[in-house]
Number of protein chains: 2
Amino acid sequence: MQKYFDVLKKCALFHGIEENNLSSLLTCLGARVLNFDKKEAIFYEGDPAKHLGIVLSGSAQIITDDYLGNRSIVSTIEPSDLFAESFACAEAESIPVDIIASSKCSVMLIDCGHIMYTCSNTCAFHQQMIFNLMKDLAQKNIRFHQKAEITGKRSTREKLLAYLSQEAKKNKAREFDIPFNRQELADYLEVERSGLSAEISRMVKEGIIENRKNHFVLADGR
Amino acid sequence: MQKYFDVLKKCALFHGIEENNLSSLLTCLGARVLNFDKKEAIFYEGDPAKHLGIVLSGSAQIITDDYLGNRSIVSTIEPSDLFAESFACAEAESIPVDIIASSKCSVMLIDCGHIMYTCSNTCAFHQQMIFNLMKDLAQKNIRFHQKAEITGKRSTREKLLAYLSQEAKKNKAREFDIPFNRQELADYLEVERSGLSAEISRMVKEGIIENRKNHFVLADGR
DNA sequence: GAAATTCCGTTGAAATTTCAACAGAAGAGG
DNA sequence: CCTCTTCTGTTGAAATTTCAACGGAATTTC
C-alpha cells in the first residue's frame with residue numbers, strides 16, 4: 001500500500017492525519033486494495049453499502065441505468081476521491097447505483113463501521129475521520145446542487161452551456177478537456193447523443209464554443 | 001423555546017442527546033428562533049452560509065431560479081428537518097439557493113461554527129452532533145440520488161410516475177397527498193405546468209392514476 | 001358574500017428532442 | 001498496413017415539450 005500514500009494523503013478522509021500514522025491506521029481499519037479493468041463494475045446496484053471506497057489510480061463513474069436502458073452518469077471519480085461513502089455512512093441497505101471503472105483502476109475499500117464505531121481503542125483518529133467525512137459529505141451535497149443546476153435546465157444547449165461554464169470555472173480557464181466522450185457527455189447531461197452532437201455543431205457554427213473531441217474552448221463572456 | 005422541544009427532539013442534529021440537556025445546549029450554541037410569513041425568504045441565494053436551520057413549525061422549499069425565470073424546487077422541508085447544513089458544514093462562501101417559507105413558519109438558526117469548532121469546553125455534545133450531522137448529510141445525499149432518479153427521466157410521464165412511486169413507498173400506501181400544487185409539482189419535476197396537467201389528465205383517463213387536487217391514488221402494480 | 005386573485009385543465013401552434021439509420025473518422029488489434 | 005470495432009456528425013420523421021392564451025373553478029380578501 002505504501003506506493004499509494006501520495007494519493008491517500010490527498011484524500012479528504014485522512015485530512016489532518018500524519019502520513020507516518022497512515023500505515024497503522026489502514027491496518028486498524030482493515031483497508032483492502034482491489035484492481036479493476038476498464039468497464040468492470042466496482043459495485044453493482046444492490047450491493048451492500050458497508051464499504052466506502054477511495055480511488056487510488058485510474059477513474060470510475062457513478063451510473064444509474066433505468067429499466068428502459070436509459071443511462072445517466074451521476075459523476076466521475078478520480079484518484080484520491082471518496083465514493084460510496086454516502087451510502088455507507090447513512091447505513092443504507094444497499095447501493096442504488098452502479099460504480100464502473102472507466103479505465104483500469106485500483107481502489108481501496110474500508111468498512112465504514114470501522115470508522116464510525118469500532119476500533120476506538122487502538123487508534124485515536126476516529127473523531128478526525130468522522131469530522132472529515134462530515135465535510136466531504138457536505139461538499140458532495142453541494143456538488144449535487146451544482147449538478148442539478150445543469151440537468152435542471154430545460155434545453156440541451158442550456159445544459160451544455162451550464163456544464164461548460166462550471167468546468168471553465170473549475171479549471172480557471174476558458175479552455176479545457178472534459179472526461180467524457182460524446183455518449184458519456186450526453187448521459188451526464190441527460191440528453192440524446194445525436195441531439196447533443198447537433199447542438200454542439202450549431203454552437204460551434206455560431207461561434208459560442210470551439211470543440212475538438214473532448215477539448216472545449218468557451219468564447220469570451222461565457 | 002421550550003414549546004418547540006417536541007420538534008427539536010425529533011431533529012437529527014440532537015439524536016442521542018437527552019431532552020433535559022437541550023436547553024443549556026441551545027444556549028451554548030447561541031440558537032435563535034425566527035418567524036416568517038408565507039412566501040417570505042428565510043435565506044436568499046448569496047447569503048452567507050454560516051448558519052444551519054431547523055424548521056420548528058410550518059414548511060419551506062429549497063428553490064433555484066435561473067436567469068430566465070425557470071424555477072426548480074429542489075426539496076421541501078418540514079418541522080424537525082435540518083436545512084442549509086450542507087453549505088454551513090462545507091464552509092461554503094454563500095448559499096446557492098433560495099429558501100422560501102411555503103407557509104407561515106418558524107425556524108431555529110444555529111451558527112455551524114459553534115457546532116464544529118468552538119464551545120467544546122462547556123458542553124460535551126459536539127462529537128455527538130458532528131456524528132449526527134455526518135449521518136444527516138449522508139442521508140441527504142441519498143435523497144439527492146432519489147431526486148435525480150426522478151428528474152433524470154426523459155419524459156413528463158416517467159418523471160411523474162417515478163415521483164408518485166417514491167411517494168407511495170414513503171407513505172407505504174398507494175394513496176397519499178403531495179405537498180405541491182400543480183405549478184410547484186411541475187417545478188419539482190422540472191417540466192412545464194400545462195404539459196404536466198395534460199399528462200395527468202391522460203394518465204387518469206388511462207386508469208393509471210386517480211387524482212383530485214394534491215391527492216393521488218396509484219393503480220395496482222405501480 | 002361579493003370581488004379579486006390565484007389555480008388549473010385545455011388547446012393548437014411552434015420549437016425541441018428523440019429515434020433510427022447511415023457513413024465517414026478514428027482507434028484498436030493483429 | 002489492413003481489418004474490425006467504436007465513435008461521431010448528420011438527417012429526416014415522429015413524438016414530446018414548450019409557449020401563449022383562455023375560461024372556468026377554487027380560494028382569498030375584505
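Here are some worked exercises on a predicted model, moving from the whole of chain A down to single residues.

## Exercise 1: The overall build of chain A

**Task.** Work out how many helices and strands chain A has, and whether its radius of gyration agrees or disagrees with that of a compact globule.

**Solution.**
- Step 1: Start with the secondary structure. Chain A has eight helices and 11 strands.
- Step 2: Get the expected value. For 222 residues, a compact globule would come out near 17 Å.
- Step 3: Compare. The radius of gyration of chain A is 19 Å, which agrees with the globule value.
- Step 4: Add the dimensions. Along the principal axes, the C-alpha trace of chain A spans about 65 × 40 × 30 Å.

## Exercise 2: Inside and outside

**Task.** Find what percentage of the residues in chain A is buried, and what share of the exposed area carbon and sulfur atoms supply.

**Solution.**
- Step 1: Recall the cut-off: buried means under 20% relative accessible area.
- Step 2: Apply it. Of the 222 residues in chain A, 50% are buried.
- Step 3: Turn to the surface. Chain A exposes about 10,600 Å², and 47% of that comes from carbon and sulfur atoms.
- Step 4: Check how the chain meets itself. Take the contacts between residues at least 6 apart in sequence: 72% of them join residues at least 24 apart.

## Exercise 3: Three salt bridges

**Task.** For the salt bridges of A:Lys9, A:Lys50 and A:Glu85, name the partner and say where each pair sits.

**Solution.**
- Step 1: Begin with the general idea. Oppositely charged side chains can pair when their charged atoms come close. The cut-off used here is a Lys or Arg side-chain nitrogen within 4 Å of a carboxyl oxygen of Asp or Glu.
- Step 2: Take A:Lys9. Its partner is A:Glu19, with the closest N and O atoms 3.3 Å apart. A:Lys9 belongs to helix 1 and A:Glu19 to helix 2, 10 residues apart. A:Lys9 is partly exposed at 41% relative accessibility, and A:Glu19 is partly exposed too, at 33%.
- Step 3: Take A:Lys50. Its partner is A:Asp111, with 3.7 Å between the closest N and O atoms. A:Lys50 is in the loop between strand 2 and strand 3, while A:Asp111 is in strand 8, so the pair ties together parts 61 residues apart in sequence. A:Lys50 is partly exposed at 48%, whereas A:Asp111 counts as buried at 15%.
- Step 4: Take A:Glu85. Its side chain meets that of A:Lys140 at 2.7 Å, N to O. This pair links helix 3, home of A:Glu85, with helix 5, home of A:Lys140, across 55 residues. A:Glu85 is buried at 2%, and A:Lys140 is buried at 16%.
- Step 5: Step back. The structure has 24 salt bridges over all chains. Some join up: A:Arg157, A:Glu199, A:Arg202 and A:Glu206 form a network.

## Exercise 4: A charge without a bridge

**Task.** Which side chain of opposite charge is nearest to A:Asp136, and why is there no salt bridge?

**Solution.**
- Step 1: Locate the residue. A:Asp136 is in helix 5 of chain A, and it is buried.
- Step 2: Find the nearest opposite charge. That is A:Lys140, 4.4 Å away.
- Step 3: Apply the cut-off. A salt bridge needs the atoms within 4 Å, so A:Asp136 has none.
- Step 4: See what else is around. Leaving aside neighbours within four places in sequence, A:Asp136 contacts A:Ala12, A:Leu82 and A:Glu85.

## Exercise 5: Two positive phi angles

**Task.** Decide whether A:Lys39 and A:Ala84 are buried or exposed, and give the phi of each.

**Solution.**
- Step 1: Look at A:Lys39. Its phi is positive, about 75°, although it isn't a glycine. A:Lys39 is in the loop between strand 1 and strand 2.
- Step 2: Check its accessibility. At 67%, A:Lys39 is exposed.
- Step 3: Look at A:Ala84. Its phi is near 65°, again positive in a residue other than glycine. A:Ala84 is in the loop between strand 6 and helix 3.
- Step 4: Check its accessibility. A:Ala84 has 6%, so it counts as buried.

Key:
Residues are numbered from 1 along each chain as its sequence is written. Chains are lettered from A and ligands numbered from 1 in the order in which they are written. This is a predicted model: local features need pLDDT of at least 70, side-chain atom pairs count only at pLDDT 80 or more; totals for chains, interfaces and linings use all residues. Side-chain values use heavy atoms; hydrogens and water are left out. Helices (H or I, at least four residues) and strands (E, at least two) are DSSP runs, numbered from the N terminus. The radius of gyration is taken over C-alpha atoms; the globule rule is 2.2 Å times the number of residues to the power 0.38. Buried means under 20% relative accessible area, exposed over 50%, partly exposed in between (1.4 Å probe, protein chains only). Contact means heavy atoms within 4.5 Å. Accessible areas come from the Shrake-Rupley method with a 1.4 Å probe; for residues, only the protein chains shown count as cover. Lys and Arg count as positive and Asp and Glu as negative; His and the chain ends are not counted.
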